[in-house]
Amino acid sequence: MLTVNFIGCGRLGRTIAKLFHINHIAEIKGVINSTLESSLDAVAFIGHGTAVKTLSELPTVDVTFITTSDDRIEEICQQLVSLNLLKPSSIVVHCSGALSSDILLAAKTAKCSIASVHPIRSFANPKEIVNTFQGTFCSLEGDEETKLIMARLFEAIGGIMLVIHKENKKRYHAATVIANNYLVTLHYHAVQNFIQSGIEEPAANNLVSTLMSDAFNNLKTLPHSKTLTGPIQRGDIKTIKGHIESFEDDTVSKNIYSSLGRGTLPLTAHSPNILDQFINIFNDSIHKESFVIK
């Protein structure tokens with residue numbers, strides 16, 4: 001069984017570590033966070049491992065996971081090398097969606113191999129994800145032999161591996177942000193506009209969640225163009241103009257509405273004349289200057 005350390009064992013790190021532990025995939029050894037209290041909390045969640053205060057206290061292992069924030073991954077890797085904490089022929093892995101395995105190149109000087117594995121899930125609730133990880137897509141890139149080892153590890157906890165080229169990581173990760181983070185943003189702004197229209201917040205939350213759920217359910221069986229409903233799909237130009245006018249000085253909502261409206265046009269089958277009218281309306285309503293969210 002492989003031995004594993006986790007550095008920066010936050011929501012993602014502790015979830016993966018616990019899945020390794022409860023499925024008997026790997027032995028969790030050292031765990032280190034920014035504070036000992038946080039490290040102890042992570043170990044308690046995982047159910048195994050030893051919390052340490054400093055990198056130099058980490059035991060020698062087969063695989064080192066660096067699951068810190070993106071900005072710290074390279075620095076941590078370099079520290080591991082400079083402190084001679086990496087066993088030759090061991091593996092160093094990060095779980096960033098945006099960064100490639102190249103950020104770990106310092107580990108190569110210690111005769112280690114490197115890889116990047118990014119589980120494509122929201123880890124807001126680790127307890128829930130531990131129970132629902134089965135079927136999670138995980139992007140993978142790095143050294144060839146290391147990719148095989150990581151694939152076996154993550155497939156054993158229910159992951160479905162997607163091999164990706166490292167030069168595509170930023171565009172790939174941007175897609176995950178649009179799909180997950182911006183969905184939360186859209187939910188928030190839709191709720192705020194319902195509230196501005198006089199609907200109380202609890203009802204507004206339910207309304208937005210229901211509308212989004214309807215769209216998701218339809219997308220399970222229908223293509224995007226068949227799922228799309230509403231004034232853009234129908235070609236109701238006057239309705240769209242009325243919507244934009246209703247935002248008045250709410251620049252943020254106006255920009256969101258118009259930018260997404262423009263992005264919705266490829267899903268329609270309108271004539272060039274109708275498309276041009278929509279494009280002009282949306283372009284004219286988008287504020288090109290910077291704006292401040294108050």
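**Close-up views: a helix pair and two cavities**

**View 1. Helix 1 meets helix 2 in this predicted model.** From helix 1, the residues Arg14, Thr15, Ala17, Lys18 and His21 come into contact with Ser38, Asp41, Ala42, Phe45 and Ile46 of helix 2. Sorted by class, this contact brings together four nonpolar, three polar and three charged residues.

**View 2. The geometry of the same helix pair, helix 1 and helix 2.** Two packed helices are described by the angle between their axes and the distance between the axes. Here, helix 1 spans residues 11–22 and helix 2 spans residues 36–46. Their packing angle is about 35 degrees, and the axes lie 9 Å apart. As for handedness, helix 1 and helix 2 cross in a right-handed sense.

**View 3. The largest cavity, with a volume of about 40 Å³.** Rolling a probe the size of a water molecule over the atoms shows where empty space is left. The structure has two cavities of 30 Å³ or more. Around the largest cavity you will find Asn5, Ile7, Leu58, Pro59, Thr64, Leu80 and Leu85. Five of these lining residues are nonpolar and two are polar, with no charged residues.

**View 4. The second largest cavity, with a volume of about 30 Å³.** Its lining is made up of Asn5, Pro59, Thr60, Val61, Thr64, Leu85, Leu86, Lys87 and Ser90. By class, the lining of the second largest cavity has four nonpolar, four polar and one charged residue. If you are comparing views, look for Asn5, Pro59, Thr64 and Leu85, which line the largest cavity and also the second largest cavity.

Technical notes. Residues are numbered from 1 along each chain as its sequence is written. This is a predicted model: local features need pLDDT of at least 70, side-chain atom pairs count only at pLDDT 80 or more; totals for chains, interfaces and linings use all residues. Side-chain values use heavy atoms; hydrogens and water are left out. On a 1 Å grid over the protein atoms alone, a cavity is a set of points where a 1.4 Å probe fits but cannot get out, and a pocket is an open set with protein on both sides within 12 Å along at least five of seven lines; lining residues have an atom within 4 Å of a point. Grid points are joined across faces, edges and corners, and a volume is the space filled by probe spheres set on the points. Ala, Val, Leu, Ile, Met, Phe, Trp, Tyr, Cys and Pro count as nonpolar, Asp, Glu, Lys and Arg as charged, and the others, Gly among them, as polar. Axes are lines fitted to C-alpha atoms, for helices over the stretch in contact, and angles run from 0 to 180 degrees between N-to-C directions. Helices (H or I, at least four residues) and strands (E, at least two) are DSSP runs, numbered from the N terminus. A crossing is left-handed if the near helix is turned anticlockwise from the far one by less than a right angle, and right-handed if clockwise. Contact means heavy atoms within 4.5 Å.
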